[in-house]
Amino acid sequence: VRLRLLGTAAGGGFPQWNCACAQCAGVRAGTLRARRRTQASAAATADGTRWALVGASPDVASQIEDFEALHPRAPRRSPIAAVLLPNGDLDSCLGLFVLREEAPLAVYATAAVIDGLITAGRLVRTLMRSARQVVFRPLPLDENVPLCDVDGAPLGMRARAIPAPGKAALHLDGVVPRTPEENVGFVLRADAGAIAYFPSVAGPSPQLAAALAACRAIVFDGTFYRDDEMTARGLSARSARAMAHWPLEGDDGSLAFLAGLAPRRRILTHVNNTNPILVEDSVERRAVEALGVEVGHDGLEVLT
Ligand SMILES: [Zn+2]
């Protein structure tokens, strides 16, 4: 599998449109050693020609334009054949509405995520005007599912949805019962080693650890460095953990967990604009890199 990170920022991007914190202002002014980032999403291919998006971010249109391999080859012919949704958050789904002219698309997600979109969200009917426009296919948990386009032609790779500690999409919070299907990561595999893509993880679980230990490369939730990153700055009333993102810092942080998964490649994505690891000469960035963990950037690729 060849996996390319199209975007590596958390919701809002970096810089975020309504934010002039030191990091957002610094990257705008060019005074900070940091890269701009679009909202987290990736693209995977087994044959180099047909692609599956992993997450459809609100930035998907510019992400496609910035990556030649995703450009259409003929009028109304996109190399994007499928989309995998890790959860029902608008940050992972809004891109589907941006792609609404680009029929046909096979969308893979757990039944709970599909149900949340379709039965709780009438908006999605705009994607289902014809039988071949957007086809939703429920992913059972922990099973290898061959990815196909809407007509059933295989893309040459399999996806396994692994439940990850998390939360329901904001618009479903408190409306639907909790289920392990509400948030998943994906293990993508062709013939060679597997790549894990887990952009949203609230904490550890035995199933998560087992799935990651079987992968050659891991792309993982790097949203927040500290649990109080937002609250300490008065940007939110909720801690990282309350927002279902496992902070990197501390003995029980995700960085210590990822350090234990060496020496395989470990790459952070979905990095919030408040996270000090965005600043390339920060002590936090050095702490991450000292453990052999990479901070992903838009355009980074993993090949297995
Ligand atoms: Zn900011």
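**Pockets and rings: worked exercises**

The lining of the largest pocket divides into 15 nonpolar, 19 polar and four charged residues. This is a predicted model.

**Exercise 1.** Describe the largest pocket: its volume, its lining and the residues nearest its centre.

*Solution.* Start with the space: about 770 Å³. Next, the lining: 38 residues take part. Nearest the centre lie Ala 10, Gly 11, Asp 91, His 245 and His 270. Finally, look for the main contributor. Helix 3 (residues 90–98) gives the largest share of the lining, three residues.

**Exercise 2.** Do the same for the second largest pocket, and sort its lining by residue class.

*Solution.* The volume is about 310 Å³. The lining has 17 residues. Arg 50, Arg 77, Ser 78, Pro 79 and Ile 80 lie nearest the centre. Sorting gives seven nonpolar, two polar and eight charged residues.

**Exercise 3.** Classify the aromatic pair of Trp 51 and Phe 67, then place it in the fold.

*Solution.* The structure holds four aromatic pairs. In this one, the ring centres are 5.3 Å apart, with 85° between the planes. An angle over 60 degrees counts as edge-to-face, and that is the class of this pair. Trp 51 lies in strand 3, and Phe 67 in the loop between helix 2 and strand 4, so the pair ties together parts 16 residues apart in sequence. Buried means under 20% relative accessible area. Trp 51, at 0%, is buried. Phe 67, at 7%, is buried. Phe 67 has a further partner: Arg 4 lies over its face, at 3.9 Å from the ring centre.

Terms used: Residues numbered from 1 in each chain as written. Predicted model: local features only at pLDDT ≥ 70, side-chain atom pairs only at ≥ 80, totals over all residues. Heavy atoms only, no water. 1 Å grid on protein atoms, 1.4 Å probe; cavity = no way out; pocket = protein on both sides within 12 Å on 5 of 7 lines; lining within 4 Å. Points joined across faces, edges and corners; volume = space filled by probe spheres on them. Helix = DSSP H or I, 4+ residues; strand = E, 2+ residues; numbered from the N terminus. Nonpolar A, V, L, I, M, F, W, Y, C, P; charged D, E, K, R; others polar. Phe/Tyr/Trp six-rings, centres within 6.5 Å; stacked < 30°, edge-to-face > 60°. Buried < 20%, exposed > 50% of the residue type's maximum accessible area, 1.4 Å probe, protein only. Lys NZ or Arg CZ within 6 Å of the ring centre and 35° of its normal.
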